[in-house]
Amino acid sequence: MQIHGGTLRASKDFPTARYLIELWSSTDAKLSTNLHGTELAAAAKYSFLRIASYEDITLRDLMLDANFRGGGILVINSLRTNIDNCYISHFMSFGIMVQGGHETFIRNSFLGQRITAGGNPDEKDFSGVAISLMSNDNAVTDVVIFSAAVGIVVSGEANIFTGVHCYNKATGFGGVGIKLQLGGFTQTRIIACYMDYTAIVAEDPVQLVIADSFFLGDANIVLKSSENKMISGVNIVDNMFSGSWKGVDIVQLEGQFETVDQIVVDRNNVLGMTLKSTVARGTVQGNGTTWAVDFNPFLLFPNRIQHVQYSFYTSDASFPRHAIRNISQNKVVIEADTQVSATVAVQVDQSATFVQGNGIYS
């Protein structure tokens, strides 16, 4: 079934808890949007395991104006729903809310609470969420979110975002571009997106890829320790960051993680922000017996070096013995058994290791 080619506008007395278009059956129940942590995970798991109520519905070429009352589109427990070329504005709750089901594709659409092209004088007052995915296996492609407190909230697994441009509410005003809040079950890919003055926040992320994206205006990535206090299988690679020379880290840690495993932050380029990585290289020269390289300004995690490789170059005729003496506090110390003029090149990696059989593998 298709619903296409028209405009819907909420009346002045439209119910604030409802949506202009609602897709659900009489047996479906809404998930609370206030759930968090284990409660959210349990409710989501129950919803995801349910048999879908309907499938193959397309919403296309629609203008939805919620008139600062309720929301735009509600999809509950569906299979293979398409939302294509829709313009959704003036929502107070959610522009698009997807709960349960699988495979809702949102593409070629524009969402914003207030009509703006950026730099709105009321930006600090933006509220609502443009897209909420309390669901698995969805795709958001070529979508612009131009005003809302939060661009996209994700509390489901195996979702992918490509070509998304978020300039909904600047992080400096408390806004978030993409928020991943199903800790321990993230399994999300964010590819070739544009975070325009607004950040990505991931709570206890497990299996997360952020790659080939552009972060403008001190927009960055925040890895937040929450209920599970764990982070695993995170790749943040090949991104561009541009800031205002205020010393903002491109990747920040919030809280303390008790479990850290398989984290790669590397090959990002930076202008006007502070580079953070899990891989770093340094070179030091001197005439002496000890050479030290402090990687704290560059490494993401404090006091966590898992691998070290170094090269020892000297033009002296002697062949001094040398060894790594210390790697604590993200500082590598190399010592030789005799005084010598040398150049020492060091590479460190914070990625965790795991034991398999009789060997240790990265």
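Let's start with strands β25 and β27. Strand β25 covers residues 307-314 and pairs with β27 in the antiparallel sense, over 8 bridges. Pairing here needs at least two DSSP bridges between two strands. Strands themselves are DSSP runs of E, at least two residues, and helices are runs of H or I, at least four, numbered from the N terminus. Within this pair, Thr314 has Ala342 of β27 as its bridge partner.

A word on the model. It is predicted, so local features need pLDDT of at least 70, side-chain atom pairs count only at pLDDT 80 or more, and totals for chains, interfaces and linings use all residues. Residues are numbered from 1 along each chain as its sequence is written, and side-chain values use heavy atoms, with hydrogens and water left out.

Back to β27, residues 331-349. It also pairs with β24, antiparallel, over 15 bridges. There, Thr290 is matched with Glu335 of β27. Then comes β26, residues 322-326, joined to β27 by 4 bridges, again antiparallel. His322 stands opposite Ala336 in β27. The hairpin of β26 and β27 has 4 residues between the strands, and Gln329 takes a positive phi near 55°.

Now β24 again, this time at the largest pocket. A pocket, on a 1 Å grid over the protein atoms alone, is an open set of points where a 1.4 Å probe fits, with protein on both sides within 12 Å along at least five of seven lines; lining residues have an atom within 4 Å of a point. The space inside is about 180 Å³, counted as what probe spheres set on the points fill, with points joined across faces, edges and corners. Which elements give two or more residues to the lining? β22 (259-266) and β24 (279-294). β24 gives the largest share, 3 residues. The lining includes Asp266, Arg267, Lys276, Arg281 and Phe298. By class, it has 5 nonpolar, 2 polar and 4 charged residues. Ala, Val, Leu, Ile, Met, Phe, Trp, Tyr, Cys and Pro count as nonpolar, Asp, Glu, Lys and Arg as charged, and the others, Gly among them, as polar.

Last stop, β10, residues 159-162. In a regular strand, side chains alternate between the two faces of the sheet. In β10, Asn159 and Phe161 point to one face and are buried (under 20% relative accessible area, 1.4 Å probe, protein chains only). Ile160 and Thr162 point to the other face and are not buried. β10 has parallel partners: β8, residues 139-147, by 3 bridges, and β13, residues 188-191, by 4. Thr162 is the bridge partner of Thr141, and stands opposite Ile191 in β13.

Key:
Buried means under 20% relative accessible area, exposed over 50%, partly exposed in between (1.4 Å probe, protein chains only).
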